[in-house]
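Got the viewer open? Keep the selection box handy and follow along.

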Amino acid sequence: MKNELILIVSWVISISLLLLLIPKKYLRVSIIAFLFSSTVAWAYEYIQVLFGLLEFPYREFAKATKLSFSLHYAVYPTFFVFFIVYYPTDKSTSRKFFHTFLFNLLLATYTFLLNKYSSLIEFKHWNFFLSVGINFFMLYIVRRFVFWFNKGLL
């Protein structure tokens, strides 16, 4: 019951934040960021599961996939959307680094807490610091793609 409650709360918070905090002028960018980041997150987690680095003991579609549907198609893309929409494009490099670091830390902390207090994700040969390192790379890839795709729109 705890896993279902966490997923329901995560879905409600993700959808609410997307509907309430994304300005209309960033709607197209948000959709692109959401779709691309869900693809990247899915591929990234698939590789981790394939190599036995982590598992998803509780899954919504247990017979269909070994991945968590909610995490990769709702929660993680929501993190990426807010990372892109509120990215300080015209600010200093240190401000951009702090923004990236903050979102990276939030994402890694969310995953770590799920690992510690639920059976939604289980680290086998993985840890918090590996998550932080890989998340920097994923945030960079998503940012590069979305900014390339929307040249001049941001």
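Next come one helix pair and one cavity.

Before clicking, note that this is a predicted model, where local features need pLDDT of at least 70, side-chain atom pairs count only at pLDDT 80 or more, and totals for chains, interfaces and linings use all residues. Numbering starts from 1 along each chain as its sequence is written, and side-chain values use heavy atoms, with hydrogens and water left out.

Select 27–50, helix H2, and 69–85, helix H3; helices here are DSSP runs of H or I, at least four residues, numbered from the N terminus. Their axes sit 8 Å apart at an angle of about 130° (lines fitted to C-alpha atoms over the stretch in contact, with angles from 0 to 180 degrees between N-to-C directions). H2 and H3 are therefore oblique to each other, meaning outside the bins under 35, over 145 and 65 to 115 degrees.

Now show side chains in the contact (heavy atoms within 4.5 Å): H2 offers Phe34 and Trp42, among others, and H3 brings residues including Tyr73 and Pro77.

Which residues line the largest cavity? Select Ala41, Tyr44, Glu45, Gln48, Tyr76, Phe80, Leu107, Thr111, Trp126, Ser131, Asn135 and Met138. A cavity is a set of points on a 1 Å grid over the protein atoms alone where a 1.4 Å probe fits but cannot get out, and lining residues have an atom within 4 Å of a point. About 110 Å³ of space lies inside the largest cavity, counting the space filled by probe spheres set on the points. H2 gives the largest share of this lining, four residues.

Methods
Helices (H or I, at least four residues) and strands (E, at least two) are DSSP runs, numbered from the N terminus. On a 1 Å grid over the protein atoms alone, a cavity is a set of points where a 1.4 Å probe fits but cannot get out, and a pocket is an open set with protein on both sides within 12 Å along at least five of seven lines; lining residues have an atom within 4 Å of a point.
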